[in-house]
Amino acid sequence: MAVDPMRILILTHSFNSLAQRLHSELRLRGHELAVELDIADSVAEEAVALFAPDLVLAPFLKRAIPESIWSRLPCLVVHPGIIGDRGPSALDWAIRDGERDWGVTVLQAEAAMDAGPVWAQARFPMRPAAKASLYRQEVTEAACAAVLEAVGRFDEWRAGRWQSRLPGEMEAAPRGRLRPLMRQEDRAIHWQRDDTATVLAKLRAADGFPGVRDALFGHACHLYDAWPEERLRGSPGEIIGRRETALLRATTDGAVWIGHAKRADAEVAVKLPATVAFAAEAAALPDLPLPGWWAADHATWQDIRYEEAGGVGFLHFDFYNGAMGTAQCRRLQAAFEWARTRPTRVVVLAGGRDFWSNGIHLNLIEAAADDADSPADASWANINAMDDLAEALLRCDDRLTVAALGGNAGAGGCFLARAADLVWVRNGVVLNPHYRNMGNLYGSEFWTYLLPPRVGADGARRIMRNRLPMLAREAVACGFYDACLAGEPVAFRVDVARRSAELAAADDLPRRLQAKRAQRAADEAAKPLAAWRAEELAEMRRNFYGFDPSYHVARWHFVRKSPHSWTPRHLAPHREPRAGATAAPTVPPLEAAA
Ligand code: COA
């Protein structure tokens, strides 16, 4: 629905992936956007006074919008629940109750939370997955559709030609209800009583936040990142073994893999891979490795999986939160080198469902302080492992490589993808191709070599200076990535498989490979890869070991999720001395780009 450009203030607890997606979608439709993080009523009131929005949009709030704002301005709240559903644990209960079908409702804020008039809604089938995964995929897509529909109604509403209706007045089946905050007592796992399905539902409903309070090896901790195991068994509650980063714990009828834990007694209390959080205890457990990289059936947990079809090798790497520690980079590189021994002509790096990569593993780096290691040394090791992986992609001269981004990517992950010959990205993916938000990191992964030929020197500078998210279609429009494919995840996978099989079968593949080798040789002669890498790493060395502690401070706050005390300037044009101007978009609005 075409709608006149509006001034929209996004009021949100954090600028999370949903807020980022909505911000980008609305900006691309020509609206003027500003973001205010919900810190205090008086600060939100000030933002409204400074920006003078037509509309306030609240994609992710943890408290009510003050009456001083909703009584004067339409405030649209995104609730991750169906019509009639109310309360702060909407998705948590939907997962626990085994709902087969769920939805997102856009309501106008009023005195009672989640009870105002409905402007739009969208439904989706539930998937057996963690809350955060549903939120990043199904909820985000539904919220996007519902918000665009609601915003499209604004002019009609203002002119009195369209009226929103209260949830009780609407025909809705099934209809939701008010449900309380889900507490740790509701989440508790009873290892002696709970079967695998129950344990999985409890862990998934709490993942990524707040986790399930439990204990491992007698130490209090929160658990996250659960996967079913159908073959291995033990006595209920027993920790049976380990594999890579995960621990296997028996239920009454099987077992679950637990990928991450946050220990209550750790000096650095952050979420860590379970075998790192309990390193000594895990080392004493039986190792339960898989025989190789080939994809096992879905009866077990596997973070790196290889499949093959039509002359194409697909390497899936589903690392929690897209964070890639030193060991994960090394294993992925080993898997890639192994994939190159297979009789294929194309290798697709498919990443994970939620994330392709978010770069170096900041939690592991932070936890190095706990380990008599230094975060600077851990950062250095991690960025070198990332660069080794990027270099392995760049030096691969015997087949085409494709990075297929079905999930979001951030920082180094965006540039690692560019080290592949082709980058295909799912429509709807949110990218953050910049390092500056992490304490002005310079960045590596060969971005200085890879970016200018794609986007020009100015384009590269613009991307690196920009701190705002970029949508898949913007990345393609500016030449950073190569193709924006279907938004629906299954359609995306089918499209990737078809296109890569076509590449592998094409008569001109040998010519393409020859051209690739010639280009690499010419580039190497002009300036060796080692020189690009050394220059970037010299800057990173300064970031890690130099006098300016910005990166260490930013990481400290990031991993501990320190509450925001102000809205970063790049999000809040209304707080610039010359109020009103939205930060310059990376590419022109959609209509102009079309
Ligand atoms: N290392 C460790 N954890 C990371 C991570 C990283 N590089 N990137 C993201 N995460 C974690 C977050 O802490 C969060 O954890 P949670 O499950 O405990 O809540 C989770 O991934 C999701 O991140 P979130 O910020 O909520 O997701 P988002 O989609 O809203 O935002 C980014 C995505 C990429 C903008 C944001 O996560 C980010 O800035 N990450 C850091 C990227 C970076 O600077 N990497 C280092 C330089 S290469």
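Tutor: A polar contact is a pair of N or O atoms within 3.5 Å. Keep that in mind as we look at this predicted model.

Student: What makes the pair formed by Lys271 and the ligand a polar contact?

Tutor: A polar side-chain atom of Lys271 lies 2.7 Å from an oxygen atom of the ligand. The cut-off is 3.5 Å, so the pair counts as a polar contact.

Student: Which part of Ser17 lies 2.8 Å from an oxygen atom of the ligand, and what does Lys561 place by the ligand?

Tutor: For Ser17 the partner is a backbone N or O atom. Lys561 uses a polar side-chain atom, 2.9 Å from a ligand oxygen. Ser17, Lys271 and Lys561 are among the closest of the 21 residues that surround the ligand.

Student: Now the helices. Why is α13 called roughly antiparallel to α19?

Tutor: Helix α13 (residues 375–394) packs on helix α19 (residues 529–545) at an angle of about 160°, with the axes 11 Å apart. Angles over 145 degrees count as roughly antiparallel, so α13 earns that name against α19. The crossing is right-handed. Its contact residues, including Trp380 of α13 and Phe544 of α19, divide into 9 nonpolar, 2 polar and 6 charged.

Student: And why is α11 called roughly parallel to α13?

Tutor: The axes of α11 (residues 326–339) and α13 cross at roughly 15° and come within 8 Å. Since angles under 35 degrees count as roughly parallel, α11 is roughly parallel to α13. This crossing is left-handed. Phe336 of α11 and Leu389 of α13 are among the residues that meet there, and the contact holds 10 nonpolar, 4 polar and 3 charged residues.

Definitions and conventions: Residues are numbered from 1 along each chain as its sequence is written. This is a predicted model: local features need pLDDT of at least 70, side-chain atom pairs count only at pLDDT 80 or more; totals for chains, interfaces and linings use all residues. Side-chain values use heavy atoms; hydrogens and water are left out. Axes are lines fitted to C-alpha atoms, for helices over the stretch in contact, and angles run from 0 to 180 degrees between N-to-C directions. Helices (H or I, at least four residues) and strands (E, at least two) are DSSP runs, numbered from the N terminus. Angles under 35 degrees count as roughly parallel, over 145 as roughly antiparallel, 65 to 115 as roughly perpendicular and the rest as oblique. A crossing is left-handed if the near helix is turned anticlockwise from the far one by less than a right angle, and right-handed if clockwise. Contact means heavy atoms within 4.5 Å. Ala, Val, Leu, Ile, Met, Phe, Trp, Tyr, Cys and Pro count as nonpolar, Asp, Glu, Lys and Arg as charged, and the others, Gly among them, as polar. A residue is near a molecule or strand if one of its heavy atoms lies within 4 Å of it. A polar contact is a pair of N or O atoms within 3.5 Å; within protein, one must be able to donate a hydrogen and the other to accept it, and residues adjacent in sequence count only if both atoms are side-chain atoms.
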